[in-house]
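Student: Could we take a close look at a single part of this model and at what packs around it? I would like one connected account, please.

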Amino acid sequence: MVAALELYLDPDATRRIRVLWDALEAEGVQSMRSLLEQRHRPHVSLAVAPRFDPEQVAEALRGTLVAAPLRLDFQHAGQFVGRVLWLGPTPTPELLAHHRLVHDRLAAAGIGLVEHYQPGRWVPHCTLSMRVPNVLMAAAVRRCLEVLPISATVVGAALTDHARGIAHPLP
C-alpha cells in the first residue's frame, strides 16, 4: 500500500463520483467504493510515497494551504497500464502550480515521492477503479463519458496511509 496527500472535492462532485462508482459496480467493475472497507473517498492525489511521516509532512508544509480552493473541471476519462480507470481534470496553470508548490516543499524536506507524481510527469486524476477487467474497459469508459463533465472545488486535504490507519487532515 502507499501513502498519499489527497485533495477532497465538494459534496456535489463527491456525490456524482460515488454514483458513478455504483454504476460501475452494477456493470461488474470493482470501483474504489469497494476498497478499504468503503472508507475511500473521491480525491485527486498531489503526492504519493511508499510511506509518509505525518510530522515531517506537516513541518514541510507549514504555512502552505494544501486544500487551496482550486476549481477542477473533470473533462475526460482515462486508463493507466494495469487496468486503472480514472477521471481527469483539466490541468490548469493553477492546478499545476499548486502541485509544484506542494511537491517542492516536500522535496526540500527530503521526503521521497513516487516518480510518476513528480512535476512534469504527474497526470492529475481521480481513480475510479484499479481492477477493470479488459473485456469491460470500453463499457466502463463509456459509462464515465456519460457523466462528464463534472465541475468540482477542492474543499479539504489529508495525508493518508490506509495500510497504517493514518488520515491526518491538512490545512
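Tutor: Happily: what follows starts from one helix and works outward to its surroundings.

This is a predicted model, so local features need pLDDT of at least 70 and side-chain atom pairs count only at pLDDT 80 or more, while totals for chains, interfaces and linings use all residues. Residues are numbered from 1 along each chain as its sequence is written, and side-chain values use heavy atoms, with hydrogens and water left out.

Our helix is α4, residues 137-147 (helices are DSSP runs of H or I with at least four residues, strands runs of E with at least two, numbered from the N terminus). M137, A140 and C144 of α4 are buried (under 20% relative accessible area; exposed is over 50% and partly exposed lies in between, with a 1.4 Å probe and protein chains only). These three lie on the same side of α4 because they cover an arc of only 65 degrees around the axis, taken from the directions from the helix axis to the C-beta atoms. On the other side of α4, A138 and E146 are exposed.

What sits over the buried residues? The cover includes helix α1 (11-26) and strands β3 (71-80), β4 (84-89) and β5 (126-129).

L87 gives a good view of the packing here. Neighbours within four places in sequence aside, L87 is in contact (heavy atoms within 4.5 Å) with C144 and L148, and also with I17, L20, F74, H76, A77, H125, C126, L128 and I150. L87 is also one of the residues that touch the most other members of the largest nonpolar core, along with L5, F52, F74, L106 and L128. That core has 50 residues; such a core is a set of buried Ala, Val, Leu, Ile, Met, Phe, Trp, Tyr and Cys residues joined through side-chain atoms within 4.5 Å. In soluble globular proteins, nonpolar side chains tend to be buried together.

Two of those core residues, L5 and L106, are also touched by L61, whose partners beyond four places in sequence include V66, V102, R105 and L170 too. L61 is placed in the loop between α2 (54-60) and β3, and it counts as buried because its relative accessibility is 4%.

Two backbone details round off the picture. After α4, in the loop leading to β6 (150-161), comes P149, joined to L148 by a cis peptide bond with omega of about 0 degrees. In the loop between β3 and β4, R83 has a positive phi of about 70 degrees, although it is not a glycine. With 34% relative accessibility, R83 counts as partly exposed.
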